[in-house]
Amino acid sequence: MSAPIGYDVDALRAREFPWEVAGEAIHLDHASIGPVPQCARDAVAAYDDRRAEPHRLGMEDFFPVLDRARALVASLIGAEAAEIALTTNTSWGVNLAAYALPLGPGDLVLGSEGEFPANVYPWMSAARARGFTYERLPLAGSAPDVAALLTRIAGDPRVRGVALSWVSFWSGARIDLDAIGAACRARGIWFAVDAIQGLGPLALDLRATPVDIVSCGAQKWLCSPWGSGFVYVRRGLVEHLEPPAAGWLAQASSGDFGRFLDYDPAWHADARRFEVGTIPYQDVVGMNATLELLHTLGPAAVEAHVRGLTRRLLDWASRAPEVRVLTPSDDAARAGIVALVTPDVAGDSARLREARVTHSVREGAIRLSPHFHNTIVDVDAAIRAIGR
Ligand SMILES: Cc1ncc(COP(=O)(O)O)c(C=O)c1O
């Protein structure tokens, strides 16, 4: 039985992940860290070589690298390059939302229990500093309680913001961005999303999905180096947000190396106003190469491929009465994570390690997270290791 794929996964693996073909490891842990494909490793190595001897760097190695990154990210998520600021992690974008959105005393931001702390602490901190209230709604099982959230959005005039992860890091539950976004938009409520566990295994089109701010590190499902990531800020909102951190690259004059000493306080008109200073260019170079690869495969084909792999895990688990599945079974309510509570999580984790299947254990469950280069054979190796 093969997964529904739109590309030649064997050729892809041989080219981009030769260590996988050689049997070194079966990487089913993209929810923790994504492997970097060979094309990106080569691009980073070549860039690093030039960077080590700066006289070999050309003008194309500086701002054009960043321009390319914003353009690639934008086309991946149905945005415009002017709506993208490059960041070094997800947390930067979450802090931007928490500190820059127009929120103050009397305002309420709703989140959920079960959120990864990167999407909690900035809201707690900004609430203290800015005087708004941040409240986390109780979970409904292993997912945010979207029904309760929609009721609060409709009935509580204090709600001015909603801050949620697209996909839960521990259960893999996916929220309905369209429904929540539409409810927020109808009432002028800001909607900020941490997309790191969703983007990649899921395609995203922000032309159709109403979100104000999307934060995403590229180190997991975008299989890019640590230090790469982005934040999307909706056009129309960008120019109204005062950057919470200032820096020379945020200024409109930053491209003009002939007038550094003018100290012109005008921000960039686009989302570059949220970039501060020099970022790890080599990591952006790596991200660009991986994003080009993902564009070539096609985000929809990747989504379908991952769905086939996770479906295989869920089908097996549904026939294993001793296994409790935390991940919703409905395709529309999950992404690339499958979280399983087996009768012996520690033992099964050890058996997975013996079988060289990378995975993680989160909140008492074995978390498997296959991606675009994995095969049914990989997933079956995990099933064999934990299936008794
Ligand atoms: C939902 C979520 N947000 C954010 C992060 C990581 O944040 P950052 O990229 O700032 O390190 C993780 C990592 O596990 C995560 O699962």
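## Around the ligand

Start with the pocket residues: N89, T90, S91, F116, A118, N119, S165, F169, D194, I196, Q197 and G217 surround the ligand. Keep in mind that this is a predicted model. By class, that shell splits into 4 nonpolar, 7 polar and 1 charged.

Some of these residues turn up again below. T90 and S91 of the ligand shell fall within helix 5, which spans residues 90-100. G217 is also in the shell, and strand 9 covers residues 213-217.

## The seven-stranded sheet

There's an open sheet of 7 strands here, ordered 2-10-9-8-7-3-4, with mixed pairing. Strand 2 (84-87) and strand 4 (133-137) sit at the edges with a single partner strand each, so one side of each has no neighbour in the sheet. Going from one strand to the next, the twist averages 20°.

For a closer look at one pair, take strand 9 (residues 213-217) and strand 10 (residues 229-233): they run antiparallel and are joined by 5 bridges. Within that pair, C216 is opposite F230 of strand 10.

Helix 7 (residues 146-155) lies across part of this sheet, namely strand 3 (108-112), strand 4 and strand 7 (159-165). Relative to strand 7, helix 7 runs at about 160°.

## Helix 5 against helix 6

How do helix 5 and helix 6 cross? The axes of helix 5 (residues 90-100) and helix 6 (residues 121-130) come within 9 Å, with a crossing angle of roughly 30°. Angles under 35 degrees count as roughly parallel, so that is the label for helix 5 and helix 6. The crossing itself is right-handed.

On the helix 5 side, the contact uses S91, V94, N95, A98 and Y99, while helix 6 brings P122, W123 and A126. Sorted by class, the contact residues come out as 6 nonpolar, 2 polar and no charged. S91 does double duty, since it is listed both in this contact and around the ligand.

## The four-stranded sheet

Further along the chain, 4 strands make an open sheet in the order 11-12-15-14, and here the pairing is antiparallel. Strand 11 (324-325) and strand 14 (360-362) are the edge strands; each has a single partner strand, so one side of each is left without a neighbour in the sheet.

Strand 11 pairs with strand 12 (residues 338-341) through 2 bridges, in the antiparallel sense. One of the partnerships puts V325 with L340 in strand 12. Helix 10 (residues 299-318) lies across strand 11, strand 12 and strand 15 (365-368), and runs at about 20° to strand 12.

How values were computed:
Residues numbered from 1 in each chain as written. Predicted model: local features only at pLDDT ≥ 70, side-chain atom pairs only at ≥ 80, totals over all residues. Pairing = 2+ DSSP bridges. Axes fitted to C-alpha atoms, helices over the stretch in contact; angles between N-to-C directions. Contact = placed C-beta atoms within 7 Å. Near = placed C-beta within 6 Å. Nonpolar A, V, L, I, M, F, W, Y, C, P; charged D, E, K, R; others polar. Parallel < 35°, antiparallel > 145°, perpendicular 65-115°, else oblique. Left-handed = near helix turned anticlockwise from the far one by under 90°.
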